[in-house]
Amino acid sequence: MNARYPIGQFECPKIISDTHIKQWIKDIEELPVKLNELVSGFTSLQLETSYREGGWTARQVIHHIHDSHHNGYIRFKWGMTEDKPMIKAYNEQLWAELFDTKSAPIELSLDLIKALHAKWVYFLKGLSADDLKREFIHPEGNVSISLGEDIGIYAWHGNHHLAHLQLIPKLTIV
């Protein structure tokens with residue numbers, strides 16, 4: 001198993017079906033509960049354990065999920081209200097090194113993820129087929145990404161980091 005990509009990398013289907021969209025939204029909807037159930041019993045040692053050599057600690061991963069998904073939600077709003085906007089990227093590696101990401105209680109991000117995902121899912125379920133075709137430009141590579149594809153990216157992203165966190169108990173003796 002590849003600890004960096006335990007569920008593999010995201011591969012967008014050539015044709016995004018209604019079934020894909022519904023499953024991806026369901027994954028986004030279920031992430032807060034799965035995440036909370038997994039990490040609520042983590043010890044201090046586990047929170048400071050990295051899922052792989054050179055990787056982030058469990059605490060950093062949890063805070064990163066919020067930071068990333070918060071940015072993702074805003075990107076959807078831009079995609080719906082502007083004509084193919086150039087979104088703002090952020091340096092996730094530097095954000096992961098900020099003091100709050102390295103030391104704040106995980107409950108702060110767990111609560112934010114729960115609220116954010118509830119609102120995000122409500123928003124996503126209201127998108128039409130035409131809305132899902134709307135695009136934004138990601139500045140890294142000047143790549144166009146449709147809102148439909150981005151739902152898949154964020155569903156994958158949540159599951160990707162959930163899989164990282166599932167490695168932590170196997171790496172630590174409780």
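Contact here means heavy atoms within 4.5 Å. The model is predicted. Under that criterion, the buried residues of helix H1 pack against four helices, namely H3 (58–81), H6 (106–125), H7 (129–133) and H8 (147–171). The buried set in H1 comprises Ile21, Trp24, Ile25, Asp27, Ile28, Leu31, Pro32, Leu35 and Val39.

H1 spans residues 18–39, 22 residues in total. Its first and last C-alpha atoms lie 32 Å apart, close to the 32 Å expected at 1.5 Å a residue. The helix is nevertheless kinked by about 40 degrees at Glu30. The proline Pro32 follows shortly after this kink, and Pro32 is itself among the buried residues of H1.

The largest nonpolar core holds 20 residues. Ile28, Phe76, Trp120, Leu124 and Ile151 have the most contacts inside this core. Two or more residues come from each of H1, H3, H6 and H8. H6 contributes the most, with five residues. A second, separate core has 19 residues, including Ala58, Val61, Ala96 and Leu165. In soluble globular proteins, nonpolar side chains tend to be buried together.

Ile28 links H1 to this packing in detail. Beyond its neighbours within four places in sequence, Ile28 contacts His117, Trp120, Val121, Leu124, Ile151, Tyr154 and Ala155.

Strands E1 (residues 135–138) and E2 (residues 143–146) run antiparallel and are joined by four bridges. Glu135 stands opposite Ser146 of E2. Four residues separate the strands in this hairpin. Gly141 adopts a positive phi near 95 degrees there.

Terms used: Residues are numbered from 1 along each chain as its sequence is written. This is a predicted model: local features need pLDDT of at least 70, side-chain atom pairs count only at pLDDT 80 or more; totals for chains, interfaces and linings use all residues. Side-chain values use heavy atoms; hydrogens and water are left out. The expected span of a helix is 1.5 Å times one less than its number of residues. The bend at a residue is the angle between axes fitted to the seven residues ending there and the seven starting there. Buried means under 20% relative accessible area, exposed over 50%, partly exposed in between (1.4 Å probe, protein chains only). Two strands pair if DSSP finds at least two bridges between them. A nonpolar core is a set of buried Ala, Val, Leu, Ile, Met, Phe, Trp, Tyr and Cys residues joined through side-chain atoms within 4.5 Å.
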